[in-house]
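Colleague: Take me slowly through the loops and the charged side chains in this one, please. I'd like a close look with the cut-offs spelled out, in plain bench language.

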Amino acid sequence: MKHLIIIIFILFAAKTYGQFAPQAGEPGTTAIHRDSSVFVGWATGCTVVRGPQDISDPSLGNASAGEPIFATGKSGEHSTVSLGDGGLAIVTFATTIKNGEGPDFAVFENAFRSEGHAFLELAFVEVSSDGENYFRFPSISLTDPSEQVGTFGVIDASKVHNLAGKYVNNYGTPFDLEDLKDEEGLDVDHITHVRVIDVVGSIDPEFATYDSEGNIINDPWPTPFPSSGFDLEAVGVINAGEPTSIINSTKKAPFVTYPNPVIQGESVTIEYKPKNLNGAQVEVSDMYGRNLLSYNISSEQTLLPTHHLSSGAYLVKINDEGKIHTQKLLITK
């Protein structure tokens, strides 16, 4: 009985006091300063799909602070780009990222210290080795979900694991591709894209997001401002692979969509040479797999109107005599 009580106490203490690396500057932290010599490169491209300032009140509109280009280059060279509730950013690099010794890249946000802990806006991190299929780092949040962290509330970093935004300004949150080495369909030595997705910090089940263990992630919410949500500042490369220019010159996409991202209301051109002009079909679906429209391809260039689609991420699929080709389409405001 005594041993059972001790075990229960240990488990309770882990939940209550945290069990992961503490905030930057504290013993045992894994935070990496932006001037560290471990960084060999930085993001060179970024596309953003903004989320609402407050997901519970769409009338406020989407987040709008910053520009996607602000997430490129070294941390400290620019301001940030705000993603809004559930918004996302996809960043690319001059080289691939590979699974080397220790952490392979780090994500920077503009969090700040307050009241002994820190104001942290968190985000999921996913990676892709083909620009189409993404795999999420397993994340854990032990912040008590019984009471909402308020708009300017604080979080204990030692209760957060594998979520971007864990560390304060000037310090990157590291990610180790070793965590994803067993994912089928992902080449951890050939990462071409990193996707950062804002965590909606609400504890209301209608809007909540969950970590990999099914815990509600509680972070400052709502943040009904143009700078709502995760503020992406930079992504630094630690273990670099081959130049992406070599990859792009030797790998031809089965079809091309441009412009991509596209501004809502403008048309997208799809270039594809089908085996049979009457046999190929284009389908557009949302990220939940719901088919929104479909039509036959009648020429090598097809115009896709977007006026009836809201801003967000979509999948464009070509079915040509049973052979399926898929690309992601981003629509922005």
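Modeller: Let's begin with how the pieces get their names: helices (H or I, at least four residues) and strands (E, at least two) are DSSP runs, numbered from the N terminus. Residues are numbered from 1 along each chain as its sequence is written, and side-chain values use heavy atoms, with hydrogens and water left out. Bear in mind that this is a predicted model, where local features need pLDDT of at least 70 and side-chain atom pairs count only at pLDDT 80 or more, while totals for chains, interfaces and linings use all residues.

Start with the loop between β12 and β13, where you'll find Asn 170. Its phi is near 85°, a positive value in a residue other than glycine. Asn 170 is partly exposed, at 23% relative accessible area (buried is under 20%, exposed is over 50% and partly exposed is in between, with a 1.4 Å probe and protein chains only). Asn 162 sits in the loop between β12 (160-161) and β13 (171-175) too, and has a positive phi of about 60° without being a glycine. Asn 162, though, counts as buried, at 8%.

Another loop, between β17 (256-258) and β18 (262-263), holds Pro 259, and the peptide bond leading into it from Tyr 258 is cis, with omega near -10°. Pro 261 is in the loop between β17 and β18 as well; there the bond from Asn 260 is cis, with omega near 10°.

Now the charges. Side chains of opposite charge can pair when their charged atoms come close. A salt bridge here is a side-chain nitrogen of Lys or Arg within 4 Å of a carboxyl oxygen of Asp or Glu, and that rule gives 5 of them. One joins Asp 35 to Lys 74, with the closest N and O atoms 2.7 Å apart. Asp 35 is in the loop between β1 (32-33) and β2 (41-42) and Lys 74 in the loop between β3 (45-49) and β4 (81-82), so this pair ties together parts 39 residues apart in sequence. Lys 74 is partly exposed, at 29%.

Glu 126 and Arg 136 make another, at 2.8 Å from N to O. That one links strand β9 (residues 123-128), home of Glu 126, to strand β10 (residues 135-136), home of Arg 136, 10 residues apart. Glu 126 is buried at 6%, whereas Arg 136 is partly exposed at 35%. Add Arg 195, and Glu 126, Arg 136 and Arg 195 form a linked network of salt bridges.
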